[in-house]
Amino acid sequence: MKKAIIIFTRIPAEGKTKTRLMPSFSPKECKDFHIATLRDLYDVCASCKKDIILSYLADGDFASFKALFPANVRFIPQRGTNLGERMYYALLDALQVYDCCLLLGTDVPEVSKKDLKQAFSFLKNKDVVLGPTFDGGYFLVGMKKPIKELFKDKTYSHSEVFKEAYDSVTPNYSVGILTKKHDMDTLADIKSYRKRLQTASSKHYTFTRTQKFLIKKELISIIIPIYNEEKTIKDLQKQLWPLRKECEIIFVDGGSTDLTKELIYPDFTLLFSGKGRANQMNAGAKISHGSILFFLHSDSFLPANFLTEIRKVMIGHSFGGFGISFLSKSPLMRINEHLSNRRMKRGIIFGDQGIFIDRTLFFKIGLYPNIPIMEDYQLSLTLKSLGIRPGFATKTIATSARRYPQGFLKKLLLMAQMARLRSAYRNGVAPDLIAKKYKDIR
């Protein structure tokens with residue numbers, strides 16, 4: 001049986017495609033997003049090793065459109081006065097050459113090779129196959145001979161499209177139905193898509209073009225609590241300066257008495273709040289605009305391309321962090337690094353590891369708890385209790401070892417004290433009492 005897959009699309013063009021995403025997406029971004037979804041769909045179809053036909057609405061630059069695909073792809077312009085007619089004629093023309101055909105659109109990023117194989121399998125003993133979407137439409141239609149009544153006098157873009165199509169053919173034809181899929185036309189659809197990816201359990205992720213596009217689109221707000229940081233603030237700002245147009249950068253001062261405030265570059269946002277990391281970070285989060293919040297300590301040294309690292313992790317997770325390395329040659333600090341990074345695997349991330357989190361999730365859990373110490377520890381414990389596991393960046397943040405005194409024994413005693421304080425917190429000792437034993441080094 002000779003089989004073909006028809007990809008039914010318009011030529012991606014600025015201002016004419018994916019317009020429901022505007023103005024959050026620019027016309028060019030809408031076009032690029034369409035191209036990404038289109039090429040991903042082509043890859044899925046090509047994996048089935050069937051002939052592929054691009055049925056296109058000729059309303060754009062055909063030469064650049066054709067260049068997106070291999071030379072062996074067939075291109076057929078759509079004909080007809082409405083969507084139903086255009087789909088019918090695309091199938092009619094193809095079925096002059098092929099024994100059965102599938103036709104599908106480009107707005108369902110989760111369609112898989114398995115779905116297409118199942119659709120062809122249905123057509124072995126069914127007349128029609130339909131792939132419904134959750135919004136009441138359908139993403140795929142397949143048949144062995146042209147069935148005009150499935151398309152005649154139909155309207156689209158409403159919640160009864162699938163039902164009308166099904167009802168129009170079931171009196172005379174047998175129908176196979178695929179598993180429902182989500183389409184992606186609006187910002188709400190994109191957010192829903194991200195949420196579904198975040199529940200995926202795969203540890204090793206190969207990103208599609210669509211996912212890579214969405215990775216770049218996410219705005220990250222970097223929120224840095226500061227207090228008497230005149231010794232560290234210049235180095236951090238040098239690292240962040242080249243990224244000032246790519247992300248939002250917010251410093252939150254907790255009442256510095258040195259020159260910290262005066263040293264903040266005017267291009268960055270400077271906010272004032274009461275002292276206390278939790279209080280400062282929450283204040284920064286409340287004025288931020290990013291869909292991803294990245295909480296960063298001022299004595300951090302960031303790895304190359306850390307924004308890309310965050311975005312990649314956040315495609316499949318709702319919060320995460322970096323591994324940590326200390327700017328010290330002490331063997332004890334190497335042990336400390338190992339212990340900190342091992343705790344990450346148990347779902348515990350501390351502030352000096354650079355916590356990043358989905359904005360909606362952060363506000364849903366009530367922000368950082370307003371306690372004088374252990375706010376980062378409690379955030380991780382809260383998320384862990386909800387069954388939310390962190391994702392891990394592949395690179396590390398380097399941080400100063402300024403909290404740790406000189407000398408092997410003194411370092412060891414401090415590490416032991418910090419372990420006791422965490423244990424005390426887990427056992428219900430009041431954070432105010434714990435904070436009194438935790439020396440403020442600035």
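**Close-up views of a predicted model**

**View 1. The pairing of E110 with R196 joins a loop to a helix.** E110 counts as partly exposed because its relative accessible area is 27% (buried means under 20%, exposed over 50% and partly exposed in between, with a 1.4 Å probe and protein chains only). The model is a predicted one, in which local features need pLDDT of at least 70 and side-chain atom pairs count only at pLDDT 80 or more, whereas totals for chains, interfaces and linings use all residues. Residues are numbered from 1 along each chain as its sequence is written, and side-chain values use heavy atoms, with hydrogens and water left out. E110 forms a salt bridge (a side-chain nitrogen of Lys or Arg within 4 Å of a carboxyl oxygen of Asp or Glu) with R196, and the closest N and O atoms of the two are 2.7 Å apart. E110 sits in the loop between β4 (100-104) and α4 (113-122), while R196 belongs to helix α6 (residues 187-198), so this pair ties together parts that are 86 residues apart in sequence. R196, with a relative accessible area of 22%, is partly exposed as well.

**View 2. K181 and D115 form a buried salt bridge.** In this pair, the closest N and O atoms of K181 and D115 are 3.0 Å apart. K181 is found in the loop between β7 (175-177) and α6, and D115 in helix α4, so the salt bridge ties together parts that are 66 residues apart in sequence. Both K181 and D115 are buried.

**View 3. Helices α1 and α7 pack against each other.** Helix α1 covers residues 27-46 and helix α7 covers residues 209-217; the two pack at an angle of about 150°, with their axes 7 Å apart (axes are lines fitted to C-alpha atoms, for helices over the stretch in contact, and angles run from 0 to 180 degrees between N-to-C directions). On the α1 side, the residues that meet α7 are E29, D32, F33, A36, T37, R39, D40 and D43, and their counterparts in α7 are R209, T210, F213, L214 and K217.

**View 4. A salt bridge between K217 and E29 links these two helices.** The closest N and O atoms of K217 and E29 are 2.8 Å apart. K217 lies in helix α7 and E29 in helix α1, so the pair ties together parts that are 188 residues apart in sequence. K217 counts as partly exposed at 27% relative accessibility, and E29 counts as partly exposed at 25%.

**View 5. D40 is a buried residue of helix α1.** The relative accessibility of D40 is 14%, so D40 counts as buried. When its neighbours within four places in sequence are left aside, D40 is in contact (heavy atoms within 4.5 Å) with T208, R209 and T210.

**View 6. R10, K16 and D59 are linked in a network of salt bridges.** Across the model, the count of salt bridges comes to 13.

**View 7. The whole chain gives the setting for the close-ups.** The chain holds 16 helices and 15 strands (DSSP runs numbered from the N terminus, helices being H or I with at least four residues and strands E with at least two). Its C-alpha trace spans about 85 × 45 × 35 Å along its principal axes. Of the 442 residues in the chain, 51% are buried. Among contacts between residues at least 6 apart in sequence, 71% join residues at least 24 apart.
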